[in-house]
Each structure stands twice: as C-alpha cells, then as structure tokens.
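Here is a friendly walk through a protein model, written for someone who would rather be at the bench. Please have a look at the sequence and the fold before reading on.

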Amino acid sequence: MAEDRIGKDRLLEMYARLAEGKMLHKLEEAEHYKCSLRSIQRDIEDLRAFFHNQSDASGVVQELVYDKKHNAYKLVPPLRNVLSNKEVFAVLKILLESRSLSKAELDPILDKLIDCCVPKECKSYVTGLISNERFHYVPPRHNKEVLETMWRLGEALREHKEVEIDYRKPADGSLVHRVLRPAGVMFSEFYFYLAGFIVPQKEDKIEFEVENDPFPTIYRIDRIESLKVTDRHYNVPYESRFEEGEFRKRVQFMYGGRLQKLKFYYKGPNPEPVLDRLPTAEIIDHNEKGYLLTAEVFGSGIDIWLRSQGELVEVVQ
C-alpha cells in the first residue's frame, strides 16, 4: 500500500509540473524519486493516456509529447502557460524603468508577478535582483492612480461608447469638459494617454490646431479629473477604423499637429537609435554627409526630438 501511495504522489507531482509548462527528464525524475527508469516510463505512459482521454472528453486537445531537442517530455499546450524566470525579470525591469505608476499601484503588480510566475525556490533570488531599484523607485510627479481610469476607457473603447471627461489643461491648469469617442489607449515616456475624437457640443469654443483633423486629440490620463462612460454608442466603419499601432508609429512625445513627411541627415556613427525612435524611418542613402532618412511623423513633438540631437541631425525638408 505504501508503494502505491508513493507512486500516486509521484504521478500527481509530475502532472503538476507538466501543467505549469515544465518538462520531465526521465533520468532526473528517476534520481529524484529514487526509482527505476522503467517506473518513470510507466508513469509517462499513464499520463499520456490520461491527457488523451481528457482531450476526447472535453474537446480541448492536449498531448504529452517527446521533445528531441531537450530530451524531455512536455505537455502541449500546458494548462498554465507561465512566464519563465527570465521573462518575469524582463517585465519587472520594464515596469520599474517606465516609472509610469504610483508605488501604490506598482507594488502589488510586482508582488503578484513574482508570486504567480516564479518558482518558490527562485522567488528570493528574483526579489533580490530588483530590491535596490524597487526601494529607490521614483514615481511620476503626479503620483496619481491611473489603472481604474485606463480600464474604464478601455471598456468604453471596446464597446464603442462615448465618454465625458473633465480635463486639467497643462498650459494654465484650467478645467475643460470634453465629450469624446475613444480611439485608443497608449503609453509613451512615463505617461498613459487617451486618443479620442472630440464630439463638439453647442456651448464648446474649441480652437483646433488643424481644421478637419482626421487624427484624434491626445489626453494624458492622469490629467483626467473625472470620467463618465455614457450609454451613447458610435459606429466605427472598418475601412475608417483608427489603428493605435499605425498611429503610434508616427506620433512622437504625444503632441498634436499635422501628419508630415520628413527628410533629414543623421550624422552619427550608427542610425539604429533613430530607426528605433522613428518606426516609419527608412534609410535612402549613405554618403559623406551621413545617413539620409525619410520618415512619416505626426504632430510637433518631432521638432523637440530633432533639436535635442544638435549637430547630429540636419533637416533637408
């Protein structure tokens, strides 16, 4: 009876590791459980039969397959597709380096990522890797909680509902009321933004930088003082659907303005930072003056970046 109990416990533990996306190495399993390779092979066959029967019963196909590259068995797809230690570390670093959240919102996210995705034996190690940076974390100066507002805006965007906001203007701190049709929620350099099309009201006196602008207006989410999601729906024809990804390639520093085509020389030794900064940029020539690039950009924020490059950049048109 004791041997049966040990065998069942071993089978359950192997099942749990497979469900988490881990692999089973026969020799390692045999050494760990102090049993024969034949016993482990029998367990693997039992598990394979179990997953096969479960697939027939539930309709969710999962297979226990042999991975030749790693000389191990794995479940495809795993029940819990968790992040690896390396992936968790990368996400933690991105969150800390972005400095986009208050500590009240950031700390629970960091704790949950480590708790849910890092194996017990590695938690203290991963925690130690970020401990200093976490202790010295500097939140954005506004220090406001933005996750709830972001989520509500995301829901309104998905359900195509108009929203009403009271927005604190950065220039003079005055409060303005806007009715918007959300077009996207984006992040750029410390802040989260709402891109939305203004629905003019009779009492509004809005001066647009670009008349009949086909692009949305951009609002920093932490400056939204109040938000109301209305029951008013709006239609978005597929052919004119706003695409955050395409817009994001062309917008710099989240400033409004016109869509423009730019041609300039970059005189640095490596154009890679420019190509990363401007996703639409293309190199069209390389000569004694440097790299000649073209890019399609939106808004006046590009002017700030160009000036920041000093003598490394020469605008052609």
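The notes below go from the whole chain to its cores, and then to a sheet, a helix and a loop residue.

## The whole chain

Please keep in mind that this is a predicted model. The protein has 317 residues, and 35% of them count as buried. Its secondary structure consists of 10 helices and 11 strands.

Contacts that span long stretches of sequence are well represented here: of those between residues at least 6 apart, 65% join residues at least 24 apart. On the outside, the protein exposes about 19900 Å², with carbon and sulfur atoms supplying 51% of that area.

## Two nonpolar cores

The largest nonpolar core holds 30 residues, and Leu 92 and Ile 165 have the most contacts inside it. Four helices and four strands give two or more residues each to this core: helix 4 (85-98), helix 5 (103-117), helix 6 (123-135) and helix 7 (147-159), together with strand 3 (161-168), strand 4 (175-188), strand 5 (191-198) and strand 7 (224-233). Helix 5 provides the largest share, 5 residues.

Which residues does Ile 165 touch, not counting those up to four places away in sequence? They are Val 176, His 177, Arg 178, Leu 180, Tyr 219, Ile 224, Ser 226 and Leu 227. There is also a second, separate core of 14 residues, which includes Leu 262, Val 274, Ala 281 and Ile 302.

## A four-stranded sheet

An open sheet of 4 strands follows the order 9-10-8-11, and its pairing is antiparallel. Strand 9 (282-287) and strand 11 are at the edges; each has a single partner strand, so one side of each lacks a neighbour in the sheet. On average, neighbouring strands of this sheet are turned by 30 degrees against each other, direction ignored.

Strand 8 and strand 11 run antiparallel and are joined by 3 bridges. Phe 264 stands opposite Val 315 in strand 11. Helix 10 packs on the sheet, where it touches strand 8, strand 10 and strand 11. The direction of helix 10 makes about 10 degrees with that of strand 8.

## Helix 10, inside and out

Helix 10 covers residues 301-308, and its buried residues are Gly 301, Ile 302, Trp 305 and Leu 306. Why do they lie on the same side of helix 10? They cover an arc of only 140 degrees around the axis, and that puts them on one side. One of these buried residues, Ile 302, also belongs to the second core.

The buried residues of helix 10 pack against strand 8 (259-266), helix 9 (272-277), strand 10 (290-298) and strand 11 (313-315). Turned away from that buried side is a face carrying the exposed residues Arg 307 and Ser 308. After helix 10 comes Gly 310, which has a positive phi, near 60 degrees.

## A loop residue on the inside

Ile 221 sits in the loop between strand 6 (217-220) and strand 7. Is Ile 221 buried or exposed? With a relative accessible area of 2%, Ile 221 is buried.

Its surroundings come from several parts of the chain. Leaving aside neighbours within four places in sequence, Ile 221 is in contact with Val 146, Thr 149, Met 150, Leu 153, Val 185, Phe 192, Tyr 193 and Leu 194. The C-alpha atoms of Ile 221 and Glu 145 are separated by 9.8 Å, although these residues are 76 apart along the chain.

Conventions. Residues numbered from 1 in each chain as written. Predicted model: local features only at pLDDT ≥ 70, side-chain atom pairs only at ≥ 80, totals over all residues. Heavy atoms only, no water. Core = buried A, V, L, I, M, F, W, Y, C linked by side-chain atoms within 4.5 Å. Buried < 20%, exposed > 50% of the residue type's maximum accessible area, 1.4 Å probe, protein only. Contact = heavy atoms within 4.5 Å. Areas by Shrake-Rupley, 256 points an atom, 1.4 Å probe, with all protein chains shown as cover. Arc of directions from axis to C-beta. Pairing = 2+ DSSP bridges. Axes fitted to C-alpha atoms, helices over the stretch in contact; angles between N-to-C directions.
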